[in-house]
Amino acid sequence: MKRTQSGITLLGFIFVLGVAGLFIYVGMKVVPMYMEYFSVKKSLDGLALEPGINNASPDRIRSLFFRRLYVNYSDNVKPENVKIERMQGGWKMIVHYEVRRPLISNLDVVGNFDAEKELTHGGPSD
């Protein structure tokens with residue numbers, strides 16, 4: 001009875017290792033961008049629960065938002081990426097920004113992120 005070996009060759013193993021390494025490398029570039037996006041969303045949600053936010057000035061709203069982002073170590077959102085519009089019963093805050101990370105040589109990973117939240121929570125303002 002003849003026994004045949006089964007399994008992966010060294011060349012196949014190196015190929016699989018290279019593909020897995022590429023996916024891990026791209027993940028290391030993309031995951032922090034999405035973590036920052038979720039911290040922006042979390043900051044918007046927390047800002048919406050702030051008492052008296054519907055009567056606050058746009059400068060105060062912007063200041064509270066960037067204070068929350070500073071705590072979350074988000075540094076890709078700039079003041080020019082934030083737009084505050086008046087709406088019935090409060091404000092609407094729109095955050096649109098782009099994150100670009102170098103990948104390999106002249107290839108980049110680009111993320112375009114949009115988040116918006118209605119700031120209509122009433123209550124006494126401070």
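Which residues of helix 2 are buried? Keep that in mind as you click around; the model on your screen is a predicted one.

**Stop 1: helix 2.** Select residues 58-71, which make up helix 2. Now for that opening puzzle: Ile61, Leu64, Phe65 and Leu69 are the buried ones. Turn the view until you look down the axis of helix 2: these buried residues fall within an arc of 135 degrees, so they line one face of the helix. Next, colour Asp59, Tyr70 and Val71, exposed residues on the face of helix 2 turned away from its buried side. What do the buried residues of helix 2 pack against? Show helix 1, strand 1, strand 2 and strand 3, and you have their packing partners.

Try a quick ruler check too. Helix 2 has 14 residues, and at 1.5 Å a residue it should span 20 Å. The C-alpha atoms at its ends are 20 Å apart, which agrees. Before you leave, click Tyr73, just after helix 2: it takes a positive phi of about 60 degrees.

**Stop 2: the core.** Here's a handy rule: in soluble globular proteins, nonpolar side chains tend to be buried together. In this model, the largest nonpolar core has 25 residues. Select Val40, Ile61, Phe65 and Met93, the ones with the most contacts inside that core. Helix 1 (10-48), helix 2 (58-71), strand 1 (82-87), strand 2 (90-104) and strand 3 (107-119) each give two or more residues to this core.

Zoom in on Val40. Leaving aside neighbours within four places in sequence, Val40 is in contact with Phe65, Leu69, Val77, Val95, Tyr97 and Ala115.

**Stop 3: helix 1.** Select 10-48 for helix 1. Its 39 residues should span 57 Å at 1.5 Å a residue, and its end C-alpha atoms are 56 Å apart, which agrees. Where does helix 1 kink? Look at Met28: there is a kink of about 30 degrees there, shortly before the proline Pro32. Now highlight the buried residues of helix 1, including Met33, Glu36, Tyr37, Val40 and Leu44. The buried residues of this helix pack against helix 2, strand 2 and strand 3.

**Stop 4: a loop residue.** Finish with Glu50, in the loop between helix 1 and helix 2. Is Glu50 buried or exposed? Glu50 has a relative accessible area of 17%, which means it counts as buried, since the cut-off is under 20%. Not counting residues up to four places away in sequence, Glu50 touches Leu64, Arg68 and His121. You've already met Leu64: it is one of the buried residues of helix 2.

Conventions:
Residues are numbered from 1 along each chain as its sequence is written. This is a predicted model: local features need pLDDT of at least 70, side-chain atom pairs count only at pLDDT 80 or more; totals for chains, interfaces and linings use all residues. Side-chain values use heavy atoms; hydrogens and water are left out. A nonpolar core is a set of buried Ala, Val, Leu, Ile, Met, Phe, Trp, Tyr and Cys residues joined through side-chain atoms within 4.5 Å. Buried means under 20% relative accessible area, exposed over 50%, partly exposed in between (1.4 Å probe, protein chains only). Helices (H or I, at least four residues) and strands (E, at least two) are DSSP runs, numbered from the N terminus. Contact means heavy atoms within 4.5 Å. The expected span of a helix is 1.5 Å times one less than its number of residues. The arc is that of the directions from the helix axis to the C-beta atoms. The bend at a residue is the angle between axes fitted to the seven residues ending there and the seven starting there.
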